[in-house]
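Student: I have a structure open and would like to go through it with you, beginning with charged side chains. Could you take me through it?

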Amino acid sequence: MVSPSYAVELLQKALELYTPSRSEAALANMLKDKCTNELGFEQVSIDSVGNVIASKGTGEPRILLCGHMDTVPGQVPVRIEDGHLYGRGASDAKAPLIAMLLAASQFPKQSGTVIFAGVVDEEGNATGVKHLVKSKLAVDYAMFGEPSGIENITIAYKGRLALRLTCDVGDSAHASAPWLARNSVEEMYDFWKAIKSEIERVGTAPNKANSISCSLTEISGGSSHNVTPQKCKITIDMRIPTITNCQSVLDTVDAVISRVAKEKGVKATYRIEDKTEPFEADHSSALVRALSLGVLDVRKKRPTLLRKTGTGDMNVLGNAFRIPVVTYGPGDPHDSHTADERVNVDEYVASIDVFSRALFHMSRIHKMRKDKK
């Protein structure tokens, strides 16, 4: 059994490594070393995109525990204070990642095959999990590590459509004579206003879970402080509920961009930065049942099933593999990405037991079902 002190120490070491998206190598190497020399995994490797893959056991069920090593940018001083461990990624999602790793290390070899994956770039373009999908990893069930709170289970995520829109007015002028050229930043405002208005018109539902959200997250334009900008670029992040799909929303936005560009007589182009379809897991699956029993064993309480407004790696693998999947982990989602990101130490330690019990129940349920056939 892994001791609580070892679990906290390992998470603290993980938090001390700064791992924004596509800079996860230091953590990957540390996890590979731990898996090989301390945690008893039989096969350990780092794949071509930087994912850590570790496995033990043989036969069915083949259970994947997948968490991401990357974080959003920005460092948070690592410290333990008032029963919480602080650090960038403490909630999203190094605590779930390390909890799954330690639970997997305790899985009895005779109970099936457990595969731990620490993947890259979840906060970016999901490079890591997309590579797992392309590799056609053979698994029967998959649990993903994200902060849900240890008495909640996440069964649904919205999809994500991210666009980089460019407005080009074709010319610029000295700022002292702005009438000589159109201003791309000012023109872009009309594009954004029209897109947001149309998304709100077609995508607003009685609840947030079924509504399309639309956020302007980046803007850049201009070449100098005294020259009117010829080009302006913005990033638009839209979250897509399970009642629709990315292509439908893209068609709506594309029509708005074409209409506004024609009305204003300016050039507007866009590229798709991310297109991840929404996903909802089968909440009656054996996997959700096994994880629910794990929560009940440890917390003596039936978990709440959540439909979240964010997007996760579960969407990518769940839509591709069509196997039972679920997302779970310690941490308050509202602490994610914040200046004081943290996780409750006791809940983090308890989540390791939840994952362990869930693996036990999943192995048991799978074998019972096979025996009945």
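Tutor: Let us start with a salt bridge in this predicted model, where the side chains of R160 and D237 meet with 2.9 Å from N to O. The pair links distant parts of the chain, since R160 belongs to strand β9 and D237 to strand β11, 77 residues apart.

Student: Is R160 buried or exposed? And D237, buried or exposed?

Tutor: R160 is buried, with a relative accessible area of 18%, and D237 also counts as buried, at 10% relative accessibility. For R160 the label rests on the cut-off, because buried means under 20% relative accessible area.

Student: How many salt bridges does a search of the whole structure find?

Tutor: The search finds 23 salt bridges. One of them joins E263 to R259, with the closest N and O atoms 3.6 Å apart, and both of these residues lie in helix α6, 4 residues apart, which is about one turn of the helix.

Student: How accessible are E263 and R259?

Tutor: E263 counts as exposed, at 58% relative accessibility, whereas R259 counts as partly exposed, at 41%.

Student: Which residues are joined into one network by salt bridges that share partners?

Tutor: That network consists of R160, D237, R239 and D274, joined through the salt bridges that share partners.

Student: What about E81, which residue does it form a salt bridge with?

Tutor: E81 forms a salt bridge with R79, and the closest N and O atoms are 3.3 Å apart. E81 is partly exposed, with a relative accessible area of 35%, and R79 is partly exposed as well, with a relative accessible area of 25%.

Student: Back to the strands, then. What is the order of the 4 strands in the open sheet?

Tutor: The order is β10-β11-β9-β12, and the pairing is antiparallel. Strands β10, residues 213-221, and β12, residues 267-276, stand at the edges with a single partner strand each, so one side of each has no neighbour in the sheet. From one strand to the next, the twist averages 20°.

Student: Which helix packs on the sheet?

Tutor: Helix α6, residues 246-264, packs on the sheet and touches β9, β11 and β12, with its direction making about 170° with that of β12.

Student: And over how many bridges do β9 and β11 pair?

Tutor: Strand β9, residues 159-168, and strand β11, residues 231-240, pair in the antiparallel sense over 10 bridges. Within β11, M238 is the residue that stands opposite L161.

Student: Changing topic to empty space, what is the volume of the largest pocket?

Tutor: The largest pocket has a volume of about 1,200 Å³. It is lined by 43 residues, and those that lie nearest its centre are R160, D237, R239, G310 and T311. Three of these names have come up already, as R160, D237 and R239 belong to the salt-bridge network.

Student: Which element gives the most to the lining of that largest pocket?

Tutor: Strand β10 gives the most to the lining of the largest pocket, with 5 residues. At least two lining residues each come from β9, α5 (184-203), β10, β11, β12 and α8.

Student: How many cavities of 30 Å³ or more does the structure hold?

Tutor: The structure holds 1 cavity of 30 Å³ or more, and the largest cavity has a volume of about 50 Å³.

Student: Which residues line the largest cavity?

Tutor: The lining consists of C66, G67, H68, F144, G145, E146, Y157, D313, M314 and T327. Strand β3 (62-68), strand β7 (141-145) and helix α8 (313-321) each supply at least two residues of this lining, and β3 gives the most, with 3 residues.

Student: One last residue: where does H174 lie, and which residues does it touch?

Tutor: H174 lies in the loop between β9 and α5, and it counts as partly exposed, at 48% relative accessibility. Leaving aside residues up to four places away in sequence, H174 touches N226 and T228.

Student: How far apart are H174 and Q106 in space?

Tutor: H174 and Q106 are 68 Å apart in space, C-alpha to C-alpha, and 68 residues apart in sequence.

How values were computed. Residues numbered from 1 in each chain as written. Predicted model: local features only at pLDDT ≥ 70, side-chain atom pairs only at ≥ 80, totals over all residues. Heavy atoms only, no water. Pairing = 2+ DSSP bridges. Axes fitted to C-alpha atoms, helices over the stretch in contact; angles between N-to-C directions. Contact = heavy atoms within 4.5 Å. Salt bridge = Lys/Arg side-chain N within 4 Å of Asp/Glu carboxyl O. Buried < 20%, exposed > 50% of the residue type's maximum accessible area, 1.4 Å probe, protein only. 1 Å grid on protein atoms, 1.4 Å probe; cavity = no way out; pocket = protein on both sides within 12 Å on 5 of 7 lines; lining within 4 Å. Points joined across faces, edges and corners; volume = space filled by probe spheres on them.
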